[in-house]
Amino acid sequence: LVVHGQSGCGKTAIMAVAAKQLKEQQPNTAVVIRFLGTTSNSGSARAVLYSICQQITRVYGKDVNLVPHGYKELITYFQQCMGYATADRPLTVFLDSLDQLTNEDFGKNLKWLSLKDEIPTYSRVVVSTLPGQCLDVLDGFIRKESLIEVTNLSLTDGPEILNKMLAASGRTLTEEQHKIVINAFNK
């Protein structure tokens, strides 16, 4: 699944909520989530792939010493890790902001994800990206129904969302507070 849209439209929030809800609704699912480009170790495809493989290997009770360090070997091992998933313990990998990867090891060509290969039966990959290079690469081999565009909120959405959030939490704002929040949203 590919979630895409302009900067600031809420892709990261969607990814975080989706991962959280998946953990709550399907507690047997192994959930791996990475917010790319947020730390020095999350900008390089090699570093991200290594940490993902380590996590999956641990979750499925495999020997973490088997996780290779070489880039090409990591790509192959990632496919092997995806195959660890079972009907009783499926796997979903969330990768937010593919566009934040550096081009070290040609990270933005996304070959390291091996998404052109068939994903093992009980594994899923959910990614998000801005329009541009990464989306163009993904668009070349992802089915159209697996592409979800997130659009910016309209000016009428802000007050409606605020009112629903306040009602759901049983809270209120003063008229002045309400104006401040809505003005910030409009900007």
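## Leu153 and its patch

Let's start in the loop that runs between strand 5 (147–149) and helix 5 (157–169): this is where Leu153 is found. Keep in mind that you're looking at a predicted model. Is Leu153 buried, exposed or something in between? Its relative accessibility is 48%, so Leu153 counts as partly exposed.

Leu153 also has company on the surface. Together with Ile161 and Met165, Leu153 forms a nonpolar patch there, and the three share about 290 Å² of accessible area.

## Phe185, a neighbour of Leu153

Now hop over to helix 6 (residues 175–186), which holds Phe185. Which residues does Phe185 touch, leaving out those up to four places away in sequence? The list is Leu153, Ser154, Leu155, Asp157 and Gly158. So our starting residue, Leu153, turns up again as a contact of Phe185.

Phe185 has a relative accessibility of 29%, and it counts as partly exposed because buried would need a value under 20%. For a sense of distance, try Leu113: Phe185 and Leu113 are 72 residues apart in sequence, and their C-alpha atoms are 36 Å apart in space.

## Trp112, tucked away

Another loop, the one between strand 3 (91–96) and strand 4 (123–129), contains Trp112. Here the relative accessible area is 0%, so Trp112 is buried.

What's around Trp112? Setting aside residues up to four places away in sequence, Trp112 touches Ala45, Val48, Leu49, Tyr71, Ile75, Phe78, Leu95, Leu98, Leu101 and Gly107. Leu162 is another story: Trp112 and Leu162 are 50 residues apart in sequence and 40 Å apart in space, going from C-alpha to C-alpha.

Terms used. Residues numbered from 1 in each chain as written. Predicted model: local features only at pLDDT ≥ 70, side-chain atom pairs only at ≥ 80, totals over all residues. Heavy atoms only, no water. Helix = DSSP H or I, 4+ residues; strand = E, 2+ residues; numbered from the N terminus. Buried < 20%, exposed > 50% of the residue type's maximum accessible area, 1.4 Å probe, protein only. Contact = heavy atoms within 4.5 Å. Patch = residues over 30% accessible without salt bridge, like charges linked within 9 Å, V, L, I, M, F, W, Y side chains within 5 Å. Areas by Shrake-Rupley, 256 points an atom, 1.4 Å probe, with all protein chains shown as cover. Salt bridge = Lys/Arg side-chain N within 4 Å of Asp/Glu carboxyl O.
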